[in-house]
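The following account leads through a single protein model, moving from its interior to its annotated regions and then to its surface. The reader is invited to keep the structure in view while following the text.

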Amino acid sequence: MGIVAGLDSSSAFTQIVVCDADTGAVLRQGYAPHPVDPKATEIDPQAWLLSLGEAAAGGLLEGVQAIGVSAQQHGLVLLDQQGALVRPALVGNDKRAQIAAADLIDGLGGRQAWAEAVGSVPQASHPVAKLRWLAREEPQSAQRVAGVLQPHDWLVWQLLGRPARRTTDRGGASATGYWSAGTGSYRSDLVELALGHQCGLPEVLGPADAAGTTPEGLLISAGTGETMAAAFGLGVAAGDAVVSLGASGSVTAVHHEALADPSGMITSYADATGMHLPVVHTLNAVRVLRGTAEMLGLDDLEALSELAMKSTPGSSGLVLLPYLEGERTPRLPHTAGTLSGLRRESMKPEHLARAAFEGMLCSLADAMDVLRGRGVEVRRVFLLGASAELPAVQAAAPGIFGAQVVVPQPADYAALGAARQAAWALGVSQGTLSPAAPPVWQGASVQVLEPGEELATGQAVRQQYSVTRDQLHPGAFAPGQ
């Protein structure tokens, strides 16, 4: 069918993959960092274009017929009546809108009202909260806002030559806080509640739709957010969950319907295929391992894993509740981590090391159970992140999660998902693919770990963890928490 490209503009870099449109085989790749501080809370979007140009240098896109764009979520690009930037873009790691998010929750009548309206409860990262922050802190800028875009929307718009029509996709729209994955429509009243007035919102395209063609004739697909693109690149389907091990953690599953969760623990995204991606976040994942390694005087996580493997499942009775930064799942924002079960025989470095791994995984299993409790089926778990390769993680994860665990070969799955979306839109435009069925690409190379005989042991570890959690934080997972 041809050659397509996927562009992933993350918070720190641009990664481009050029793929065979029929098989998904990667033909060539490009990479460039963004010329900004990765911790910056504001950025001139032109930095994304500079990075894109550098990543695509050397004829990388030669012969490409279609491009898909994936980009960091929860960013907000603010445009005036002429389409010029009102101010630098606000990016996802900006925490300044925490009070604004709380104001919005109260303004609509509480967490349940938000969950029912758009499938999520405002957090500081959500664009809707950023709009409220802008209205309160920079009212003159807020008054100039005539249109809002997310990073992938803005990049698509730029690639197309800044046409009058501005677009997004349902995945990206579902991360704004003013579009409902359940109804498939905007809540413009929530934009007005946040910003103080109405403004232009991008048209929401279907999964296989094209946003348009460039002046050079390149087809540009709808684009999407990084979470949705990565899921599409991995090829996850109903019954699959993706556990992401970063400093914080997340559990993302594929489900047939949007979930409204008044507790706010579930964020209901739309995916890049027409399905839904309910997500549960934890604040503490690999940061727990790094903190434990420092406490034990170890140089890296490989050494911590090696030490943990000298212990046994259950860590000789030690239980680490890993709420080092407070916790979002369960909602314990002001708590701290706890080490329980100290006895003379358990006070050894290897038991603490193992307790850190088990605590991190049990916390993520708690997050997974939030989804299972709402009817989301999880038969297979994709484990992402560099720490997924650690022997201590791989030894404990299948039993604790109670499911087959798949560890994909490291790759930029968001860029691959963007490329697959481009191939879909190209195939539909050529009449070779149906809008109802994306191209079937060869799956990622994976390592498969079965719970097997370790299932009972893993569930015993979960039980030990759950008893300790419930003793110290009774009712943490009760309805309404």
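In this predicted model, W424 is a buried residue, with a relative accessible area of 0%. The cut-off for calling a residue buried is under 20% relative accessible area. F232 is likewise buried, with a relative accessible area of 4%.

These two residues belong to a wider set of contacts between rings, for a search of the whole structure finds four aromatic pairs. One of them is formed by W48 and W154, whose arrangement is edge-to-face, with 5.9 Å from centre to centre and 75° between the planes. This pair links distant parts of the chain: W48 is located in helix α1 (residues 46–55) and W154 in helix α6 (residues 151–159), 106 residues apart. Both W48 and W154 are buried.

F232 and W424 also form an aromatic pair, which is tilted, with a distance of 6.0 Å between the centres and an angle of 40° between the planes. Helix α9 (residues 226–234) contributes F232 and helix α14 (residues 413–430) contributes W424, so the contact ties together parts of the chain that are 192 residues apart in sequence.

The UniProt record offers a further way to divide the chain. In an unreviewed entry, it places the feature "domain: Carbohydrate kinase FGGY N-terminal" at residues 4–224. Over that span the chain is 30% helix and 25% strand, and its end C-alpha atoms are 16 Å apart. The UniProt annotation "domain: Carbohydrate kinase FGGY C-terminal", also from an unreviewed entry, covers residues 242–426. Residues 242–426 are 36% helix and 21% strand, and the C-alpha atoms at the ends of this span lie 28 Å apart.

Attention may now turn to helix α12, which comprises residues 349–372. Its 24 residues reach 34 Å from the first C-alpha to the last, close to the 34 Å expected at 1.5 Å a residue. Of these 24 residues, 21 are buried, and helix α12 is therefore largely enclosed by the rest of the structure.

What does the surface show? L339, L342 and M347 make a nonpolar surface patch of about 280 Å². L339 has its place in strand β21 (residues 338–340). The relative accessible area of L339 is 32%, which means that this residue is partly exposed. That value also meets a requirement for patch residues, namely over 30% relative accessible area.

Terms used. Residues numbered from 1 in each chain as written. Predicted model: local features only at pLDDT ≥ 70, side-chain atom pairs only at ≥ 80, totals over all residues. Heavy atoms only, no water. Patch = residues over 30% accessible without salt bridge, like charges linked within 9 Å, V, L, I, M, F, W, Y side chains within 5 Å. Areas by Shrake-Rupley, 256 points an atom, 1.4 Å probe, with all protein chains shown as cover. Salt bridge = Lys/Arg side-chain N within 4 Å of Asp/Glu carboxyl O. Helix = DSSP H or I, 4+ residues; strand = E, 2+ residues; numbered from the N terminus. Buried < 20%, exposed > 50% of the residue type's maximum accessible area, 1.4 Å probe, protein only. Phe/Tyr/Trp six-rings, centres within 6.5 Å; stacked < 30°, edge-to-face > 60°. UniProt positions renumbered as here; feature names shortened; annotations may be inferred. Expected span 1.5 Å × (residues − 1).
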